[in-house]
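Please open the model in your viewer, set the protein to a plain cartoon, and keep the selection tool at hand for a short tour of its empty spaces and of one residue.

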Amino acid sequence: ELSVGKRIVVFSYGSGALATMYRLHVREPSQSRFTVEKIASALSLTQRLSAREEVNPSELDHALETRAKMHRSGAPYLPVYPIDRFFPGTYYLNGIDSDWRRTYSRVPLDADLVEAGTPLAPESVLKQAKIAEISTPVTGRLRVLSKSDAEAKEMLDEAQNRISCVITGVAAGLPGKSGPVFSEDNLQKLVIGEQRIEPISCNAKSAMLDKNVIQLKKKKDGTVEKCPVDTESALIKLAAQLGHLSLVDAYGVPPGLAQTMD
């Protein structure tokens, strides 16, 4: 029962790398159209939480590998996962055309979910995973392989027949227009607390004005004021800004896909 005065603990989780927990306090609403009861009813939170399904962690591995293959395959692209396990009302990707334009559809609100218990990954994905499966475990100590290592080629050839663990190091990306996002001395810059916030250029300010942004400022009484950002004085003056980063050169992302990314 979400009555006034109640406290709600909210826990969100994703792939396991990150999680968030925070507390909400239910107060008397200032507007009748925004109440906790109406929000819970509209979102069907209780029903959706009870409809969750426990799946094998390998399902995430299959999904991430399929996503990686999508980026490597280029355009056009058609998704291979079925939509019959999506919640009603879920938006999903229909496909990507040769110009990297995406089209989406939505699962009908009255659609029925397929009974749980079957694998999420389609047969084609499971077949590819079976082909790529490597069963021989790694034994012995790990060592760094470099191009100057005379045994590198032989060791790499042998590693193709094993489950390999590759440690590439630790990287930290930092803002700063004057240099690359990933620099060798980034960790040192973090340790010494180097300032990475810079003034915004005139060109960047003009680009922000061209977006015709409308700020929504919520007042204490619950009302909302719309404030157009249409003058330079209304813009932010300082920001942590992106330096040089080429997804094409550094990570082999197809140029057409890289252009669609913000």
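The tour goes through a pocket, a cavity and a histidine, and the model it follows is predicted.

**First stop: the second largest pocket**

Select Ile-8, Leu-24, Thr-35, Val-36 and Ile-39, which, among the 33 residues that line the second largest pocket, lie nearest its centre. The space in this pocket comes to about 940 Å³. If you then colour strand S1 (7-13), strand S2 (19-25), helix H1 (36-43) and helix H2 (45-50), you will have marked elements that each supply at least two residues of the lining. Colouring the lining of this pocket by residue class should give 18 nonpolar, ten polar and five charged residues.

**Second stop: the cavity**

How many cavities of 30 Å³ or more does the structure hold? There is one, and the space in the largest cavity is about 30 Å³. To find the largest cavity, select Met-70, His-71, Gly-74, Tyr-77, Ile-96, Trp-100, Arg-102 and Leu-257, the residues that line it; by class, this lining has five nonpolar, two polar and one charged residues.

**Third stop: His-62**

Move next to helix H3 (residues 58-73) and pick out His-62, which lies in that helix. Is His-62 buried or exposed? Its relative accessible area is 17%, and because buried means under 20%, His-62 counts as buried. Now show the side chains of Tyr-81, Ala-121, Val-125, Leu-126 and Ala-129, with which His-62 is in contact once its neighbours within four places in sequence are left aside.

Technical notes: Residues are numbered from 1 along each chain as its sequence is written. This is a predicted model: local features need pLDDT of at least 70, side-chain atom pairs count only at pLDDT 80 or more; totals for chains, interfaces and linings use all residues. Side-chain values use heavy atoms; hydrogens and water are left out. On a 1 Å grid over the protein atoms alone, a cavity is a set of points where a 1.4 Å probe fits but cannot get out, and a pocket is an open set with protein on both sides within 12 Å along at least five of seven lines; lining residues have an atom within 4 Å of a point. Grid points are joined across faces, edges and corners, and a volume is the space filled by probe spheres set on the points. Helices (H or I, at least four residues) and strands (E, at least two) are DSSP runs, numbered from the N terminus. Ala, Val, Leu, Ile, Met, Phe, Trp, Tyr, Cys and Pro count as nonpolar, Asp, Glu, Lys and Arg as charged, and the others, Gly among them, as polar. Buried means under 20% relative accessible area, exposed over 50%, partly exposed in between (1.4 Å probe, protein chains only). Contact means heavy atoms within 4.5 Å.
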